[in-house]
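Here is a short exchange for a reader who wants to work through a structure one question at a time.

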Amino acid sequence: MARSVFKTCNLCEAGCGLVIDVENERVVRIRADEDDPISRGHICPKAMALQEVQEDPDRLRRPMRRTASGWQVVSWDEALDEVASKLAHIQTRDGDDAVGMYLGNPGAHNFGTVAYIAGLRGALGTRNQYTASSVDQNPKHAASLYLFGNVFKIAVPDVDHTDFLLVLGANPIVSNGSLMTAPGMRRRLRGLKERGGRLVVIDPRRTATAALADAHHFIRPGADAFLLASLVHVVLSEGLGDSGHLAAYLDGEGELRRLVSAFDPEAVAGPTGITAAVIRDLARDFSAARRAVCYGRVGTSLNPFGTLANWLVDVLNIVTGNLDRPGGALHATPAVDLATLTEMMPAGGEREWKTRVRGAPAFNGEQPVACLAEEMLTPGAGQLRGMLTVAGNPVLSTPNGRQLDRGFESLEYYAAIDIYRNETTRHANIILPPTWSLEHENYEIVFHQFAVHNSAKYSPPVLARDPRARCEWQILVELALRIAEKKAKPAGRVGLRLARAFYGFFHPTRVLDWMLRLGHHGDGFRPWRRGLRVARLIAEPRGVDLGPLGPSLDAWLGERELRIDLAHPAMAAELVRLSAERDAFEGTKGLQLIGRRDSRTNNSWLHNVPLAVKGRNRCTLLMHPDDAKGHDLSNGEPVRVRSRVGEVEVVLEITDDVMPGVVSLPHGWGHDRPGMQMRLAQANAHASINDLTDDLVIEPVVGNAVLNGVPVEVTHARAG
Ligand code: SF4
């Protein structure tokens with residue numbers, strides 16, 4: 001029987017509305033939903049991967065155990081019991097910190113994971129918590145915490161109403177926004193141009209977004225904080241800004257003025273590679289625009305001054321009066337607001353401490369993933385002996401992947417919740433595969449938070465689920481209860497067994513309903529009020545339009561008696577450190593490696609479907625013609641790239657789209673490890689950039705990995 005199901009694509013942050021046509025329990029077509037309140041007919045080729053992964057013969061569908069004679073299917077009960085017993089045994093023997101947990105990026109796209117992971121974290125009770133956020137976005141969370149008092153209070157550019165969009169280290173044409181849910185970015189930028197607005201891009205590479213810009217300026221990798229501090233300095237010293245209605249909430253403007261005075265445009269021209277005249281004009285044009293907004297993303301985060309750079313992005317918006325006003329940077333008011341939701345939760349343990357081996361900072365209850373391998377490989381009290389990964393592939397997505405391979409290999413026991421036997425999970429003793437996206441309900445709880453337009457949409461399951469399959473939330477709850485039971489005293493075990501019998505009551509749809517009712521647009525559990533509930537979302541399957549973003553920050557600050565500290569001590573110290581690093585930045589020699597993103601793939605996890613690997617080799621090393629000449633290298637030749645931690649061989653692509661002194665390699669490749677079950681990916685292995693990135697180089701405020709600006713040498717492959 002034929003039917004159509006409306007669903008939000010949860011492959012990337014854009015969250016496009018899809019119409020999925022199904023016949024005889026098989027997807028026959030995936031198309032864009034023209035009436036989706038936020039994506040309005042946008043779709044990208046990756047959406048087809050939803051079907052390709054669903055039908056991928058390599059996708060795991062039953063729990064698998066590694067044995068001496070190969071991988072064998074085991075029952076759910078046996079698998080869950082073994083994982084709980086082994087992990088609880090290690091913790092009982094060596095302490096809670098002897099077991100670690102890593103949550104990968106796909107988890108953020110699954111309501112079941114976001115809503116239920118806390119239970120498993122609580123059951124394990126370990127400090128060894130890691131997520132992909134520490135190779136991606138923790139600097140942004142920290143900046144929002146320092147300015148607005150909450151890690152989820154992230155301001156997003158009002159791209160549909162601004163007159164001047166300044167983009168640093170981001171490529172929204174390809175990403176469709178990141179920490180800015182903005183599907184159809186090409187259309188939105190066209191709208192900016194049509195209303196006479198300007199787009200300026202600052203990036204070491206001429207990206208697809210830069211190609212559309214009115215102006216693009218190369219910047220030395222990692223130098224964003226110099227540029228931003230200088231822009232703030234010009235605005236303040238020339239009196240170009242007016243903080244508008246937020247002025248009443250600001251502290252420390254005088255101290256900020258003093259701190260940024262060290263960064264006049266002439267002083268930062270060397271470290272950034274951008275002339276003083278361009279910087280000064282940029283500050284003046286940005287301030288003069290009726291509505292302007294600065295947006296920074298991965299490039300501003302994965303560098304040695306990531307938190308400072310992200311903080312300065314918001315500070316620039318504040319001092320020019322562009323924060324909390326239409327056309328500037330605004331906070332979404334989503335139906336489920338993670339900022340207010342986290343305030344309602346019990347505080348739940350320490351949020352910040354130092355790691356065991358290196359003394360690196362933990363942030364927001366998790367340790368930097370750059371420290372994961374050393375926590376496995378360094379003996380002593382608290383050494384990691386057991387591990388659980390959830391929807392993650394840190395061997396490919398975090399620095400020094402080969403060392404992490406050795407770390408996973410050294411563990412006494414490792415279990416993975418994953419749909420693939422990939423570069424990381426091949427080390428597991430047991431893999432627990434959850435249902436794929438089309439087989440369970442979903443609500444994009446995280447990405448509505450960063451959306452450029454407020455909306456809410458419930459995605460029902462598209463296909464009937466095999467009764468033997470388990471959803472991720474079920475696996476998380478079952479494991480949490482079993483681990484807690486194994487670690488509990490006999491009296492507590494009865495209650496936990498009882499909880500295991502009845503946990504189905506807390507089904508995601510019911511939990512989502514409670515969250516919606518408590519949210520900005522909910523009825524607050526007053527049934528006589530017309531508010532948002534799951535029933536309404538089900539009745540309006542194409543999504544509910546909750547309107548454009550608007551000013552809301554003064555209410556947030558006022559209700560909590562918060563103030564915005566423009567001279568936050570941690571950031572003031574970083575500005576002093578930045579100033580001290582000026583000469584070192586200016587004197588950078590040799591080649592620096594940066595990453596890049598490809599519109600056809602999504603990190604490492606879509607490479608086993610035809611869509612992602614067809615066509616020309618996209619895992620090439622981009623190099624400027626002057627550098628190629630200086631190194632006597634030719635276009636299309638295989639080259640060897642070496643860093644402190646390793647080397648890879650890739651094909652060279654010579655282009656003036658990268659800045660002289662910079663080379664670029666995409667991330668997510670490197671499928672040449674034995675023991676995987678991803679045949680298409682293995683046949684298109686290419687090289688992993690994280691076999692070059694350095695685990696020892698981290699940003700000091702939150703410990704984020706520094707994946708951009710890695711010093712490398714490039715030679716003919718045959719020279720090796
Ligand atoms: S842009 Fe992202 S959310 Fe939209 S269709 Fe493509 S993969 Fe899906």
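Q: By its number of C-beta neighbours, does R40 count as buried, partly exposed or exposed?
A: A residue is called buried if 20 or more other C-beta atoms, placed from the backbone, lie within 10 Å of its own, exposed if 12 or fewer do, and partly exposed in between. R40 has 16 C-beta neighbours inside 10 Å, so R40 counts as partly exposed.

Q: On what basis were the model and its numbering prepared?
A: The model is predicted, with local features requiring pLDDT of at least 70, side-chain atom pairs counted only at pLDDT 80 or more, and totals for chains, interfaces and linings using all residues. Residues are numbered along each chain as its sequence is written, starting from 1.

Q: Where does R40 lie, and what is its phi?
A: R40 lies in the loop between β3 (26-32) and α1 (49-54), where helices (H or I, at least four residues) and strands (E, at least two) are DSSP runs numbered from the N terminus. Most residues other than glycine have a negative phi. R40 is not a glycine, yet its phi is positive, at about 45°.

Q: Is D632 buried or exposed?
A: D632 lies in the loop between α26 (625-630) and β23 (638-642), and although D632 is not a glycine, it has a positive phi of about 55°. Because D632 has 8 C-beta neighbours inside 10 Å, it counts as exposed.

Q: What distance separates the end C-alpha atoms of helix α18?
A: Helix α18 covers residues 472-487, and 14 of its 16 residues are buried, so the helix is largely enclosed by the rest of the structure. The expected span, 1.5 Å times one less than the number of residues, is 22 Å for this helix, and the computed distance between its end C-alpha atoms agrees, at 22 Å.

Q: Which helix gives the largest share of the largest nonpolar core?
A: A nonpolar core is a set of buried Ala, Val, Leu, Ile, Met, Phe, Trp, Tyr and Cys residues joined through C-beta atoms within 7 Å. The largest one has 223 residues, and L227, L228, A229, L231, V232 and L312 touch the most other members. Its largest share, 10 residues, comes from helix α8 (residues 224-237).

Q: Which residues contact L231, leaving aside its neighbours within four places in sequence?
A: Two residues are in contact if their C-beta atoms, placed from the backbone, lie within 7 Å. With those sequence neighbours left aside, the contacts of L231 are I279, L282, A283, F286 and L316.
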